[in-house]
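Okay everyone, thanks for coming. Let me put the structure up on the screen, and then I'll walk you through it.

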Amino acid sequence: SPFVTLGHPPQDLKHRGEATRLEVGEGVTIREHVSVHAGTVGGGGVTTIGSSCLLMAGVHVGHDCSLGARTIVASGSLLAGH
């Protein structure tokens, strides 16, 4: 989908460029204008999107969030980090 950002550095002022990551399961649908940031050291270092999730248009998933399998996040929803 257009204008999607995945695994970019977290929007956390404590982040100093440490190695953190984003894990995305199989069969995930990500629509336009979605942003999902990598984790932070203070939050465990990983943001996780489970298998078969649907992230509708305009969703933001902040650093260190963990979505279980088959989660649907409606358009315009914002999930804060930690």
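**A pair of strands to begin with**

So, let's start with β7, which covers residues 60-61: this strand runs parallel to β10, and 2 bridges hold the two together. If you're looking for a spot to find that pairing, go to valine 61, which sits opposite leucine 79 of β10. And before I go on, please keep in mind that this is a predicted model.

Now zoom out a bit. β7 and β10 belong to an open sheet of 4 strands, paired in parallel, in the order β1-β4-β7-β10. Which strands stand at the edges? Those are β1, residues 5-8, and β10, residues 78-79; each has a single partner strand, so one side of each has no neighbour in the sheet.

What about the rest of the chain? The protein has 10 strands and 0 helices, so to speak strand after strand, as the pattern β-β-β-β-β-β-β-β-β-β spells out.

Okay, on to the inside. The largest nonpolar core has 12 residues. Valine 61, which we just met, is one of them, and others include Val28, Ile30, Ile49, Cys53, Leu55 and Val73. Leu67 is in that core too. Leaving aside residues up to four places away in sequence, leucine 67 touches Thr48, Ile49, Gly50, Cys53, Leu55, Val61, Val73 and Leu79. So that list takes in both Val61 and Leu79, the two residues that stand opposite each other in β7 and β10.

Next, a couple of backbone oddities. Aspartate 64 isn't a glycine, yet its phi is positive, about 75°. You'll find aspartate 64 in the loop between β7 and β8. Is this residue buried or exposed? Aspartate 64 counts as buried, because its relative accessibility is 11%, and the cut-off for buried is under 20%.

Arginine 70 also has a positive phi without being a glycine, near 60° here. This one is in the loop between β8 and β9. At 65% relative accessibility, arginine 70 counts as exposed.

Last, the overall picture. The C-alpha trace spans about 30 × 20 × 15 Å along its principal axes. For 82 residues, a compact globule would have a radius of gyration near 12 Å, and the protein agrees with that at 12 Å. Of those 82 residues, 34% count as buried. Among contacts with a separation of 6 or more, 47% come from residues 24 or more positions apart. And the accessible surface is about 4600 Å², with 54% of that belonging to carbon and sulfur atoms.

That's my tour, thanks for listening.

Conventions:
Residues numbered from 1 in each chain as written. Predicted model: local features only at pLDDT ≥ 70, side-chain atom pairs only at ≥ 80, totals over all residues. Heavy atoms only, no water. Pairing = 2+ DSSP bridges. Core = buried A, V, L, I, M, F, W, Y, C linked by side-chain atoms within 4.5 Å. Buried < 20%, exposed > 50% of the residue type's maximum accessible area, 1.4 Å probe, protein only. Contact = heavy atoms within 4.5 Å. Rg over C-alpha atoms; globule rule 2.2 N^0.38 Å. Areas by Shrake-Rupley, 256 points an atom, 1.4 Å probe, with all protein chains shown as cover.
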